[in-house]
Amino acid sequence: MKLKRAEIAIFTLPVSIPVPGDEKQAVDVRFKWLGLKAFAENAEKVRIEEITPFEFAQSFIDGWGFEEEFSEENFILLLDLYPMAFSEMRKTFEDEIWNLREKN
């Protein structure tokens, strides 16, 4: 078996967003393939405030299943209303890329 270099891909996964006082709500999020090195570099840039959290999100999120478009304004509004939303999106992406689901 020969491994091939990963191609840039777009994939959609459901993300469960915690809603205070209610059940988690699932929303489809379109993700872009992003390698480990680039992801880690962008995470560090956010930490040292070289890029905004939205710019980091744009590096691996291509869109979402909300009626409102995936924009900086709507991203900030989402985080204001549902503070854990981005953490769940990031976790879902990381789980898909680095903790690939085991298949028997």
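Let's start with one pair of residues: P14 has D28 as its bridge partner in strand 2. Right next to that, L13 is bridged to V29 in strand 2. Strands here, like helices, are DSSP runs numbered from the N terminus, with at least two residues of E for a strand and at least four of H or I for a helix.

Before going on, a word on what we're looking at. This is a predicted model, where local features need pLDDT of at least 70 and side-chain atom pairs count only at pLDDT 80 or more, while totals for chains, interfaces and linings use all residues. Residues are numbered from 1 along each chain as its sequence is written, and side-chain values use heavy atoms, with hydrogens and water left out.

Okay, the overview. The protein has four helices and three strands, and along the sequence they come as β-β-α-α-β-α-α. Out of 104 residues, 32% are buried, and buried means under 20% relative accessible area, exposed means over 50%, and partly exposed is in between, using a 1.4 Å probe and protein chains only. How much of the contact count comes from residues 24 or more positions apart? Among contacts with a separation of 6 or more, they make up 53%. A contact, by the way, is heavy atoms within 4.5 Å.

Now back to the sheet. It's an open one with three strands in the order 1-2-3, paired antiparallel. Two strands pair if DSSP finds at least two bridges between them. Strand 1, residues 10-17, and strand 3, residues 61-64, sit at the edges with a single partner strand each, so each has one side without a neighbour in the sheet. From one strand to the next, the twist averages 30 degrees.

How many bridges hold strand 1 and strand 2 together? Eight, in the antiparallel sense. Strand 2, residues 25-32, is joined to strand 3 by three bridges, again antiparallel. On that side, R30 has G63 as its bridge partner in strand 3, and F31 stands opposite I61.

Strand 1 has a nice pattern in its side chains. F11, L13, V15 and I17 point to one face and are buried, whereas I10, T12, P14 and S16 point to the other face and are not.

Then there's W64, over in strand 3. Is W64 buried or exposed? With a relative accessible area of 9%, W64 is buried. Setting aside neighbours within four places in sequence, W64 is in contact with D28, V29, R30, E69, F70, N74, F75, L78 and M89. And remember P14 from the start: its C-alpha atom is separated from that of W64 by 9.6 Å, though the two are 50 residues apart along the chain.

On to the helices. Helix 4, residues 85-98, lies across strand 1, strand 2 and strand 3, and runs at about 135 degrees to strand 1. For these angles, axes are lines fitted to C-alpha atoms, for helices over the stretch in contact, and angles run from 0 to 180 degrees between N-to-C directions.

Which residues does helix 3 use to meet helix 4? F75, L78 and L79 of helix 3 meet A85, F86 and M89 of helix 4. By class, that contact has six nonpolar, no polar and no charged residues. Nonpolar here covers Ala, Val, Leu, Ile, Met, Phe, Trp, Tyr, Cys and Pro; charged is Asp, Glu, Lys and Arg; the others, Gly among them, are polar. The axes of helix 3, residues 72-81, and helix 4 come within 8 Å and cross at roughly 105 degrees.

Helix 1, residues 36-47, packs on helix 4 at an angle of about 155 degrees, with the axes 12 Å apart. That makes helix 1 roughly antiparallel to helix 4, a label for angles over 145 degrees. L36, F39 and A43 of helix 1 make the contact with R90, F93, E94 and W98 of helix 4. Here the classes come out as five nonpolar, no polar and two charged.

In helix 2, F54, F56, A57, S59 and F60 are buried. The cover over those buried residues includes strand 2, helix 1, strand 3, helix 3 and helix 4.

Last stop: E49, in the loop between helix 1 and helix 2. Most residues other than glycine have a negative phi. E49 has a positive one, about 60 degrees, although it is not a glycine. E49 is also exposed, at 70% relative accessibility.

Key:
Angles under 35 degrees count as roughly parallel, over 145 as roughly antiparallel, 65 to 115 as roughly perpendicular and the rest as oblique.
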